[in-house]
Amino acid sequence: MTREMGDVEEFKLVVSRRKKRVSHIRNKCDSNVPLSVNDNENDHFNDVNCESLFGRLLETETEFRDSLFADNVFHCIKTSLNALNVSGISEILCYGLGSFSSQKSAKYQLALLLSLKNHYCSRVRVYDPIFTPIEMKLLTRFGLDVLNVNEEGKRIVEDDTTLVYMPHCSIHLINNFLYANWGKRLSKCILLTNSFSVVVDNLIASNVSVRVDYIVRIRPYVREITLRNNFPHEQVFNDLNIHIFLEEDIAKVPGNFWTERKEPCYSNTIIDYFTVKQTEEIDAKNYNYLSRLTR
């Protein structure tokens with residue numbers, strides 16, 4: 001396999017000295033508050049013009065696609081595909097997108113997702129427990145498959161190349177995904193998510209015990225490609241990098257590296273994503289609230 005010199009230079013293990021915060025999920029994990037429907041949501045539904053929002057999202061995608069940052073993302077993904085010796089992306093898995101009808105950052109992050117889908121003609125699966133019914137309707141209209149089960153990030157990828165997009169997602173969800181796909185299967189993945197280097201360096205610098213063993217263990221064997229954050233709205237994609245797992249790097253791991261695989265346990269730890277139990281509680285409350293509305 002040959003690569004242009006410019007592409008080769010992209011591939012260096014990133015060792016960041018920046019002291020940036022670790023980006024976490026944007027919403028407080030409070031199962032006492034319904035997410036899809038709340039006391040004011042019915043009025044909100046009546047006020048929202050679905051067609052208008054659809055049009056604004058199309059405009060946002062165009063704005064993103066015309067940006068220098070978009071050029072940077074697609075160049076780095078092309079470099080990644082060349083290194084993995086594959087020609088395209090069969091599937092995109094997205095967790096933690098956020099409420100794009102109300103959050104500016106989530107709207108641009110959705111624009112990136114739509115641009116990726118259109119560019120690679122990929123099937124897209126997306127999940128976030130905070131999606132409203134209108135948001136799920138719009139995602140379906142854009143041709144995305146909205147998952148209806150909270151997998152806590154533990155979906156096992158198939159044999160085809162999968163891009164896993166988790167913008168500013170919980171580091172525990174990233175850890176869960178690595179656990180679920182722990183092994184040579186990772187060579188089928190491209191992760192577009194929080195910089196592993198920044199995550200691990202911040203954990204070391206803060207001397208805080210956070211149970212994200214899989215991120216820490218895989219870091220030496222990851223090729224992390226830095227995305228230059230030249231997007232006009234800097235906070236939207238800050239600390240977002242591309243991570244790939246080359247077969248030549250995977251071959252260097254110790255003999256028992258993959259066999260040491262226990263399901264992550266976050267007991268006595270504050271986690272920053274909605275668990276299956278919390279989601280079930282929220283869904284039950286939403287169902288009861290909708291039932292009262294329709295009586």
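The following exercises, with worked solutions, concern a predicted model.

**Exercise 1. Strand β1**

Task: Find which residues of β1 point one way and which the other way, and state how many are buried.

Solution. Step 1: locate the strand, which covers residues 91-95. Step 2: sort the side chains. Glu91, Leu93 and Tyr95 point one way, while Ile92 and Cys94 point the other way. Step 3: check the cover. Five of the five residues of β1 are buried, so the strand counts as mostly covered.

**Exercise 2. The neighbours of β1**

Task: Determine how β1 pairs with β2 and in which sense, and do this again for β1 and β4.

Solution. Step 1: take β2, residues 123-127, which pairs with β1 in the parallel sense over five bridges. One bridge partner is easy to locate: tyrosine 95 is matched with tyrosine 127 in β2. Step 2: follow the chain between these two strands. From β1 the chain passes through helix α5 (residues 104-120) to β2, and the β-α-β crossover is right-handed. Step 3: turn to β4, which also pairs with β1 in the parallel sense, over four bridges. Here glutamate 91 stands opposite threonine 162.

**Exercise 3. Cysteines**

Task: Explain why cysteine 94 has no disulfide partner.

Solution. Step 1: find the closest cysteine sulfur to that of cysteine 94; this belongs to cysteine 169, at 8.1 Å. Step 2: compare with the cut-off, under which the two sulfur atoms must lie within 2.5 Å. The distance is too far for a bond. Step 3: count for the whole model, which gives zero disulfides. Step 4: compare the surroundings of two cysteines. Cysteine 94 is buried, with a relative accessible area of 0%, whereas cysteine 121 is exposed at 72%.

**Exercise 4. Glutamate 152**

Task: State where glutamate 152 lies and which backbone nitrogen its side chain approaches.

Solution. Step 1: place the residue in the loop between β3 (145-146) and β4 (162-166). Step 2: judge its exposure. The relative accessible area is 13%, and glutamate 152 is buried because this value is under 20%. Step 3: list its contacts beyond four places in sequence: Leu173, Asn176, Tyr273, Phe274, Thr275 and Val276. Step 4: pick out the polar contact. A polar atom of the glutamate 152 side chain lies 2.7 Å from the backbone nitrogen of valine 276.

**Exercise 5. Threonine 193 and helix α8**

Task: Identify the backbone oxygen reached by the side chain of threonine 193, then say which elements the buried residues of α8 pack against.

Solution. Step 1: threonine 193 sits in strand β5 (residues 189-194) and is buried, with a relative accessible area of 0%. Step 2: its side chain reaches the backbone oxygen of methionine 166 at 2.9 Å. Other residues touched by threonine 193 include Ile174, Asp239 and His243. Step 3: move on to helix α8 (residues 196-206), where eight of the eleven residues are buried. Among them are Phe196, Val199 and Leu203. Step 4: the buried residues of α8 pack against α7 (171-180), β5, α9 (213-218), β6 (223-225) and β7 (240-244).

**Exercise 6. Nonpolar cores**

Task: Name the residues with the most contacts inside the largest nonpolar core.

Solution. Step 1: this core has 49 residues, and those with the most contacts inside it are Tyr165 and Phe237. Step 2: inspect phenylalanine 237, which touches Phe64, Phe69, Tyr108, Leu112 and Tyr165, among others. Step 3: note the second, separate core of 37 residues, which includes Tyr127, Leu178, Phe245 and Trp258.

Notes: Residues are numbered from 1 along each chain as its sequence is written. This is a predicted model: local features need pLDDT of at least 70, side-chain atom pairs count only at pLDDT 80 or more; totals for chains, interfaces and linings use all residues. Side-chain values use heavy atoms; hydrogens and water are left out. Buried means under 20% relative accessible area, exposed over 50%, partly exposed in between (1.4 Å probe, protein chains only). A polar contact is a pair of N or O atoms within 3.5 Å; within protein, one must be able to donate a hydrogen and the other to accept it, and residues adjacent in sequence count only if both atoms are side-chain atoms. Contact means heavy atoms within 4.5 Å. A nonpolar core is a set of buried Ala, Val, Leu, Ile, Met, Phe, Trp, Tyr and Cys residues joined through side-chain atoms within 4.5 Å. Two strands pair if DSSP finds at least two bridges between them. A crossover is right-handed if, with the strands pointing away from the viewer, the path from the first strand over the helix to the second runs clockwise.
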